[in-house]
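Subject: Structure for your review

Dear colleague,

Please find below the structure that I am handing over to you. A description of what was found in it follows.

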Amino acid sequence: MGRTLLEGSAVFRARIDECARALRPWVDWSLTDVLRGEADEQTLGRVDVVQPASFAMMVGLAALWESLGVRPDAVVGHSQGEIAAACVAGVLSLADAARIVAVRSQAIATTLSGRGGMASVMLGADEANDRLAAWAGRLEVAVVNMPVLGGRRR
């Protein structure tokens, strides 16, 4: 999708170029190479690459949607999506948001990555906790996301 949007949307490409410039002081890889799928496999597997690239996609898509007349009343996100939402809402500058997402992802890569794992399950928090009781102290519910709803305007 990144390659297609970079080639087909001047608005998306311009915002990604801005993201790349904002990330450049904090990263050792090329955002456009990653989004075009041109980075090597090892680079594409790094959390400190994937998270800032995902952030940039969110910010780029928001700019594209806005250019098409989609203007949300509110924005929310999870993980790097929270940072993107704050940037899109104007709470964080692009430079500040890029720094936060890059440094945060580097901290995850150096202190958390490889120490465990996560899995998404289709269970409520209470049921998940009940099922994990046998592994108390070794497994726990790490994140509880809420359902996402949508609808049409009247």
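Why is there no bond between the sulfur of Cys19 and the closest cysteine sulfur? The closest cysteine sulfur to that of Cys19 lies in Cys87, and at 6.8 Å it is too far for a bond. A disulfide is a pair of cysteine sulfur atoms within 2.5 Å, and by this rule the count comes to 0 disulfides. Cys19 is buried, with a relative accessibility of 1%, and Cys87 is also buried, at 7%. Here, buried means under 20% relative accessible area, exposed means over 50%, and partly exposed is in between, for a 1.4 Å probe and protein chains only.

Before going further, please note how the values were obtained. This is a predicted model, in which local features need pLDDT of at least 70 and side-chain atom pairs count only at pLDDT 80 or more, while totals for chains, interfaces and linings use all residues. Residues are numbered from 1 along each chain as its sequence is written, and side-chain values use heavy atoms, with hydrogens and water left out.

The overall fold

The chain has 8 helices and 0 strands. Helices (H or I, at least four residues) and strands (E, at least two) are DSSP runs, numbered from the N terminus. Along its principal axes, the C-alpha trace spans about 55 × 45 × 30 Å. Of the 154 residues of the chain, 31% count as buried.

Two helices

Helix α5 has 21 residues, which should span 30 Å at 1.5 Å a residue, and its end C-alpha atoms are indeed 30 Å apart. The expected span of a helix is 1.5 Å times one less than its number of residues. Helix α7 (residues 94-111) has 18 residues and an expected span of 26 Å; the distance of 25 Å between its end C-alpha atoms agrees with this. The buried residues of α7 are Leu94, Ala97, Ala98, Val101, Ala102, Ser105 and Ile108. Seen down the axis of α7, these buried residues fall within an arc of 125 degrees, so they line one face of the helix. The arc is that of the directions from the helix axis to the C-beta atoms. As background, an α-helix has 3.6 residues a turn, so residues three or four places apart point the same way.

The loop between α5 and α6

Helix α5 is followed by Gly69, whose phi is positive, near 95 degrees. Gly69 is partly exposed, with a relative accessible area of 42%, and its C-alpha atom is separated by 19 Å from that of Ile16, 53 residues apart along the chain. Ser79 is placed in the loop between α5 (47-67) and α6 (80-88). The phi of Ser79 is near 60 degrees, a positive value in a residue other than glycine. Most residues other than glycine have a negative phi. Ser79 is buried, with a relative accessible area of 16%.

Two residues elsewhere

Arg21 is found in helix α2 (residues 10-23) and is partly exposed, at 49% relative accessibility. The C-alpha atoms of Arg21 and Leu94 are separated by 9.8 Å, although the two are 73 residues apart along the chain. Asp28 lies in the loop between α2 and α3 (31-35) and is exposed, with a relative accessible area of 63%. From C-alpha to C-alpha, Asp28 and Asp48 are 9.8 Å apart in space and 20 residues apart in sequence.

The pockets

On a 1 Å grid over the protein atoms alone, a pocket is an open set of points where a 1.4 Å probe fits, with protein on both sides within 12 Å along at least five of seven lines; lining residues have an atom within 4 Å of a point. Grid points are joined across faces, edges and corners, and a volume is the space filled by probe spheres set on the points.

The largest pocket has a volume of about 850 Å³. It is lined by 22 residues, of which Ala119, Val121, Val141, Ala142 and Val143 lie nearest its centre.

The second largest pocket has a volume of about 450 Å³. Its lining has 19 residues, and Met58, Ala62, Trp65, Val75 and Val88 lie nearest its centre. The elements that give two or more residues to this lining are α5 and α6, and the largest share, 7 residues, comes from α5.

Yours sincerely
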